[in-house]
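Welcome! Take a moment to look over the sequence and the 3D structure, then use the notes below as a guided tour.

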Amino acid sequence: MEAEARTKNLTGNLAKLKTMGMLWALIVICVIAAIISPQFLKASNIVNVIRLVSINGIIAMGMTFVVLTGGVDLSVGAIVGVVAVSVAMLFQRNVPIALAVAVGLVIGAVLGAINGLGVTKGKLAPFIMTLGSLTALQGVSLYLANGSPQNWRDTGIDFKFLGQGTLLGIPVPVYIFAVVFLISLYVLKYTEFGRNVYAVGDSREAARLSGINTKKVEALCFVITGFLSALSSIILISRLSVGEPTAGDGYELDALAMVYIGGCSTSGGSGSVVGTLIGAILLSVISNVLNLLGVSPFIQKVVKGLIIIGAVLLEKQGKKARN
């Protein structure tokens, strides 16, 4: 028991060191960014960065739950597209804003539940199940929208505040993201469900033998991810004032990059939403700096891919060192 406690303490300390390391990396990158691009520290640019962190970070918070169980969700971007088109089409039919938003959130949760059922009941690997969902849902959103963006400008519905509004000079999406982050932090750190999420990721069989309903925990994590993807989609269409069927393309890459950069283990059981928050800020700052420097968006994709590979390699090396 004493040896086990020591091992847990060592693992916890290593996780904290990893998070602190990412925090220092973020500070260094911000300093470099301020030196090479005078535009970086301008108030308008800072607002753009934190808004970007908020929209993508909400999805990353949901992805953290799935990754902590040892899974992955590749369908989050496609869920964003389906919800964006669905809510926009409801607005076109003059459905009240509150009802349309509620329907969009339910759609996201249901799509997440389908992924969860495929993994737990269908016994499909999360990668395969969500890859199939990604392809299918991309087709659904394009079919519903007939391949074109859906706007509601002629209806008179004003749905700009959620994505474009500010409170005390801070974008509204930042407040929403802060609430999502705090709730996620509380759930994972202080609730039985949160402890079960870590237990399932650490050892699914040991969790099952200790009485945890592992299938329920896994399924709920996919529901959370689907719900938060829908929330991000609703903020996005409020910002753009249009429901674009391809709005979420590539969001799964960004979310995974944020989670893995933040220190979550690919095998589950290790990581935190605090690390994901740092990863989200770090990746958003890097993307912003590359934009300011006029780097091609195609090269930016290369950079993101290399960042994911590097983060996973570091995590693997850290695991070898611990063993």
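**A tour of the model**

In this predicted model, Ile261 touches Met22, Gly279, Leu282, Leu283, Ile307 and Ala311, leaving aside residues up to four places away in sequence. Let's start with the core that Ile261 belongs to, then turn to the cysteines and two asparagines.

**The nonpolar core**

- The largest nonpolar core holds 84 residues.
- Six of its residues touch the most other members: Ile58, Met61, Phe91, Phe159, Leu231 and Ile261.
- Helix α2, spanning residues 43–68, gives the most to this core, with 12 residues.
- As general background, nonpolar side chains tend to be buried together in soluble globular proteins.

**The cysteines**

- The count of disulfides comes to 0.
- Cys221 is in no disulfide, because a pair needs sulfur atoms within 2.5 Å, and the nearest cysteine sulfur, that of Cys264, is 11 Å away.
- Cys221 is buried, with a relative accessible area of 0%.
- Cys30, in turn, is partly exposed, with a relative accessible area of 24%.

**Two asparagines with positive phi**

- Asn94 is not a glycine, yet its phi is positive, at about 60°.
- You can find Asn94 in the loop between α3 (76–92) and α4 (97–120), where Asn94 is exposed, with a relative accessible area of 51%.
- Asn146, also a residue other than glycine, has a positive phi near 55°.
- Look for Asn146 in the loop between α5 (126–144) and α6 (161–164); Asn146 counts as exposed, at 69% relative accessibility.

How values were computed. Residues are numbered from 1 along each chain as its sequence is written. This is a predicted model: local features need pLDDT of at least 70, side-chain atom pairs count only at pLDDT 80 or more; totals for chains, interfaces and linings use all residues. Side-chain values use heavy atoms; hydrogens and water are left out. A nonpolar core is a set of buried Ala, Val, Leu, Ile, Met, Phe, Trp, Tyr and Cys residues joined through side-chain atoms within 4.5 Å. Buried means under 20% relative accessible area, exposed over 50%, partly exposed in between (1.4 Å probe, protein chains only). Helices (H or I, at least four residues) and strands (E, at least two) are DSSP runs, numbered from the N terminus. Contact means heavy atoms within 4.5 Å.
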